[in-house]
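Please open the model in a viewer and keep the sequence panel visible beside it. The tour below proceeds by selection, and each stop describes what is found there.

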Amino acid sequence: MLAKARDAFLWSRKATPKRLRNAVALWTSFQRAKRTKDPRIGGMPFSISFEPTTACNLRCPECPSGLRSFTRPTGNLKQDLFTRVIDELYPDLWALTFYFQGEPYINPGFLDMVRYANGKGLYTATSTNAHFLTEEKAEETVRSGLSRLIISLDGTTQETYVSYRKEGELAKVLEGAERIVRWKKRLKSLTPHVVFQFLVVKPNEHQIPEARALAKRIGVDDLWLKTAQIYDPKDQHPLIPTQDKYARYRRSDSGVWEVKNRLDDDCWKMWHSCVITWDGRVVPCCFDKDAHHVLGDLRTSSFRELWHSQAYNDFRRSLLRSRSSIEMCRNCSEGSPVWA
C-alpha cells in the first residue's frame with residue numbers, strides 16, 4: 001500500500017494549473033457528448049501512448065508483434081518526431097506511455113526519449129518483457145526518471161512462462177527485475193514504480209499465489225493480474241482460463257463468445273488519450289493494433305489540427321451512435337476488471 005500511495009503521489013506531482021484546467025475541460029466535454037451525442041472536444045489529451053518500435057524478440061501467440069502479422073510498416077520511433085510532438089503537447093499533457101506494440105528497449109534511443117519527457121515534467125511509463133535489462137540498462141532506466149516500469153511475468157516456471165512468452169527466458173525476466181530493484185536502492189530513487197504484470201491464461205492461472213510470493217521476494221512494488229485478449233475466443237481455447245473471474249470472455253445464451261463488459265455508446269479514452277505509432281500516425285486507442293483507424297499523420301500536420309479535425313470528430317460521433325459497430329471495440333476490456 002505504501003508503494004501504491006507513493007506512486008499516486010508522484011503522479012499528482014505532475015499536475016500544473018494548465019494541466020488541471022485541460023483535464024476538467026476534457027471531462028466536461030465528454031459528459032456533454034454522452035448527453036447530446038455532439039463529439040466536439042474541450043481540450044488536448046492529458047495522456048498519450050507513443051510506440052517506440054514494432055519489433056519484438058518474442059513470439060507471443062495473441063500479439064501482432066509476436067506473430068509478425070502487421071500489415072502496417074514496421075520500424076523504430078525517431079527522436080526528432082518524438083521531441084516535436086512532445087514540445088507541442090507537454091503544457092497540457094500529464095502522462096506518457098512508451099508502449100503500443102513491440103519491445104521498447106529494442107529502440108536504441110528509447111531511454112533518451114524517457115529522459116526528455118521527464119525533463120518536461122511528464123509521468124512516464126513503459127511495459128517490457130525485461131529481456132534487455134542488463135546491468136547497464138537497469139542503471140540507465142533508473143537514472144532516466146522513468147515513473148513506472150511494467151514487467152511482463154506471465155509464469156513462475158520456465159515451462160509455464162514459455163507456453164505464452166514463446167522464445168522467452170524467465171530467468172532473464174527475474175534477473176532484470178532484480179537489477180532494477182537493486183539500482184533503485186543503490187541510487188536511493190523512488191522511481192520507477194516496478195510492477196509485475198501477470199497475464200492470466202489457462203496454463204498459468206494456478207500459479208497466481210506463486211507470482212505474489214515471487215513479487216514479494218524480489219521486492220517489486222506491485223503485482224497486477226490482467227485478463228488476456230483473445231482474437232478468436234471459442235470452446236476449449238487453450239488460453240481462456242477455467243476460473244471465470246480471470247476470463248475476459250463469456251459464452252452468451254446464443255452460444256457466441258463475447259466480451260463480458262457492457263459496450264456503452266461512449267468511451268472516455270476517445271476524449272483524453274490516443275496512440276501515436278512509431279511513424280507518426282495517430283490511432284484512437286491501443287486496441288487498434290494494426291492501425292486500421294488512422295485519424296491523422298503527424299509528419300504532415302500538427303497534433304492540435306488532427307485532434308480537432310473532421311476525421312477525429314466523425315470517429316467520435318460514430319462511437320457515440322454505435323460503439324458495438326466498430327470491430328476493435330467489440331474486443332475492448334475498458335470497464336472489465338483487473339485484479340491486484
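**First stop: Tyr-249**

Select Tyr-249, which lies in strand S7 (residues 249–251). Helices (H or I, at least four residues) and strands (E, at least two) are DSSP runs, numbered from the N terminus. This is a predicted model, in which local features need pLDDT of at least 70 and side-chain atom pairs count only at pLDDT 80 or more, while totals for chains, interfaces and linings use all residues. Residues are numbered from 1 along each chain as its sequence is written, and side-chain values use heavy atoms, with hydrogens and water left out.

Is Tyr-249 buried or exposed? Its relative accessible area is 3%, so Tyr-249 is buried; the term buried means under 20% relative accessible area, exposed over 50%, and partly exposed in between (1.4 Å probe, protein chains only). Now display its contacts, a contact being heavy atoms within 4.5 Å. Leaving aside residues up to four places away in sequence, Tyr-249 touches several residues, among them Ala-228, Pro-233, Trp-257 and Asn-331. For a distance across the model, pick Phe-46: Tyr-249 and Phe-46 are 203 residues apart in sequence and 30 Å apart in space, C-alpha to C-alpha.

**The sheet**

Next, show the strands as a cartoon. An open sheet of 9 strands follows the order S6-S5-S4-S3-S2-S1-S9-S10-S11, and its pairing is mixed. Two strands pair if DSSP finds at least two bridges between them. At the edges stand strand S6 (222–227) and strand S11 (296–297); each has a single partner strand, so one side of each is left without a neighbour in the sheet.

Select S1 (residues 47–50) together with S2 (residues 95–98): they pair in the parallel sense over 3 bridges. Ser-49 has Thr-97 in S2 as its bridge partner. Then add S3 (residues 123–128), which runs parallel to S2 and is joined to it by 4 bridges. Here the bridge partner of Leu-96 is Thr-124 in S3. Trace the chain from S2 through helix H5 (residues 110–119) to S3; this β-α-β crossover is right-handed. The term right-handed applies if, with the strands pointing away from the viewer, the path from the first strand over the helix to the second runs clockwise.

Further along the sheet, S4 and S5 pair in the parallel sense over 5 bridges, and Ile-150 has Val-195 in S5 as its bridge partner.

**Helix H1 against the strands**

Select helix H1 (residues 2–12), where Ala-3, Asp-7 and Leu-10 are buried. Looking down the axis of H1, one finds its buried residues within an arc of 60°, so they line one face of the helix; the arc is that of the directions from the helix axis to the C-beta atoms. The cover over these buried residues of H1 includes S3, strand S4 (148–152) and strand S5 (193–200).

**The aromatic rings**

Display the rings of Phe, Tyr and Trp (its six-membered ring), which pair if their centres lie within 6.5 Å; planes under 30 degrees apart count as stacked, over 60 as edge-to-face and the rest as tilted. By this rule the count comes to 14 aromatic pairs. One of them is Phe-98 with Phe-110, an edge-to-face pair at 5.6 Å centre to centre with 75° between the planes. Phe-98 lies in strand S2 and Phe-110 in helix H5, so the pair ties together parts that are 12 residues apart in sequence. Phe-98 counts as buried at 0% relative accessibility, and Phe-110 counts as buried at 1%. Extend the selection to the cluster that ring pairs form from Phe-50, Phe-82, Phe-98, Tyr-105, Phe-110 and Tyr-116.

**Backbone details in the loops**

Most residues other than glycine have a negative phi, and most peptide bonds are trans. Select Lys-37, in the loop between helix H2 (17–36) and S1: its phi is positive, about 65°, although Lys-37 is not a glycine. Lys-37 is partly exposed, with a relative accessible area of 36%. Ala-130, in the loop between S3 and helix H6 (135–144), also has a positive phi, near 70°. Ala-130 counts as buried at 1% relative accessibility. Finally, a cis peptide bond joins Thr-191 and Pro-192, with omega about 0°; Pro-192 is found in the loop between helix H8 (170–186) and S5.

**Last stop: confidence**

Colour the model by pLDDT, the predictor's confidence in each residue, from 0 to 100. The protein chain averages a pLDDT of 91, and 97% of the residues score at least 70. Over residues 335–340 the pLDDT is below 50, and this stretch has 16 contacts in the model beyond near neighbours in sequence. Where pLDDT is low, the predicted coordinates should not be read in detail.
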